[in-house]
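Biologist: I would like to learn how to read the packing of helices in a model, beginning with the residues that meet. Could you take me through it step by step?

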Amino acid sequence: MSTRGPRHSTVLEHKPELKKPSMYKVVLLNDDYTPMDFVVYILEEFFQKSRMEATRIMLHVHQRGQGICGVYPYDIAESKVAQVTEAARRNEHPLQCIMEKE
C-alpha cells in the first residue's frame, strides 16, 4: 500500500444507448369468402377501431387487396396476428392476417 495521500478514482458513467424497438404493421389480406361484417368485427374487437374506422379499413382491404390494421412492437403484432387467425378459423373463414416490418 502506498503512503502517499488518498487515492481517487474517477468512475465514468456510460449511459447505454437505447434503441427503439422495431415496429411491425399488422395487415389484413382480402379474400373472396370472408364476410365484410366479420372483418369489421375483427377490426373492432382486436384493434379497438370505431365502427366507422373499421368499415373504412375493411373497404380498403376489399378494394386494394390488403390494409393495415395497426403498427406495433414485434410481440404485440405477433399476438394480434394469432388472435385474428384463430378467430377466423374458429368461425370457418379463410381471412389471412400477416405482419410486415415497418
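Biologist: Which residues in H1 meet which residues in H2?

Modeller: Please keep in mind that this is a predicted model. To read a helix pair, one lists the residues on each side that have heavy atoms within 4.5 Å of the partner. Here Met36, Val39, Val40, Leu43 and Glu44 in H1 meet Arg51, Ala54, Thr55, Ile57, Met58 and His62 in H2. Sorted by class, this contact has seven nonpolar, two polar and two charged residues.

Biologist: At what angle do the axes of H1 and H2 cross, and what does that make of their relation?

Modeller: The general idea is to place the angle in a range, where 65 to 115 degrees counts as roughly perpendicular, over 145 as roughly antiparallel, under 35 as roughly parallel, and the rest as oblique. The axes of helix H1, residues 36-47, and helix H2, residues 51-64, cross at roughly 125 degrees and come within 9 Å, and the two helices are therefore oblique to each other. Their crossing is right-handed.

Biologist: How does the reading go for H1 and H3?

Modeller: The axes of H1 and H3 come within 11 Å, with a crossing of roughly 140 degrees, so that this pair is oblique as well, and the crossing is right-handed. From H1, the residues Phe38, Ile42, Phe46 and Phe47 meet Lys80, Gln83, Val84, Ala87 and Ala88 in H3. By class, that contact holds seven nonpolar, one polar and one charged residues.

Biologist: Where is His93, and is His93 buried or exposed?

Modeller: Burial is judged from relative accessible area, and a value under 20% counts as buried. His93 has its place in the loop between helix H3 (74-90) and strand S3 (96-101), and because its relative accessible area is 17%, His93 is buried. Apart from neighbours within four places in sequence, His93 is in contact with Thr34, Pro35, Phe38 and Ala88. Two of these, Phe38 in H1 and Ala88 in H3, also appear in the contact of those helices.

Biologist: In what order do the elements of the protein chain run, and how much of the chain is buried?

Modeller: The protein chain has three helices and three strands, running β-α-α-β-α-β from the N terminus on. Of its 102 residues, 30% count as buried, while the accessible surface comes to about 8000 Å², with 51% belonging to carbon and sulfur atoms. Among contacts between residues at least 6 apart in sequence, 72% join residues at least 24 apart.

Notes
Residues are numbered from 1 along each chain as its sequence is written. This is a predicted model: local features need pLDDT of at least 70, side-chain atom pairs count only at pLDDT 80 or more; totals for chains, interfaces and linings use all residues. Side-chain values use heavy atoms; hydrogens and water are left out. Axes are lines fitted to C-alpha atoms, for helices over the stretch in contact, and angles run from 0 to 180 degrees between N-to-C directions. Helices (H or I, at least four residues) and strands (E, at least two) are DSSP runs, numbered from the N terminus. A crossing is left-handed if the near helix is turned anticlockwise from the far one by less than a right angle, and right-handed if clockwise. Ala, Val, Leu, Ile, Met, Phe, Trp, Tyr, Cys and Pro count as nonpolar, Asp, Glu, Lys and Arg as charged, and the others, Gly among them, as polar. Buried means under 20% relative accessible area, exposed over 50%, partly exposed in between (1.4 Å probe, protein chains only). Accessible areas come from the Shrake-Rupley method with a 1.4 Å probe; for residues, only the protein chains shown count as cover.
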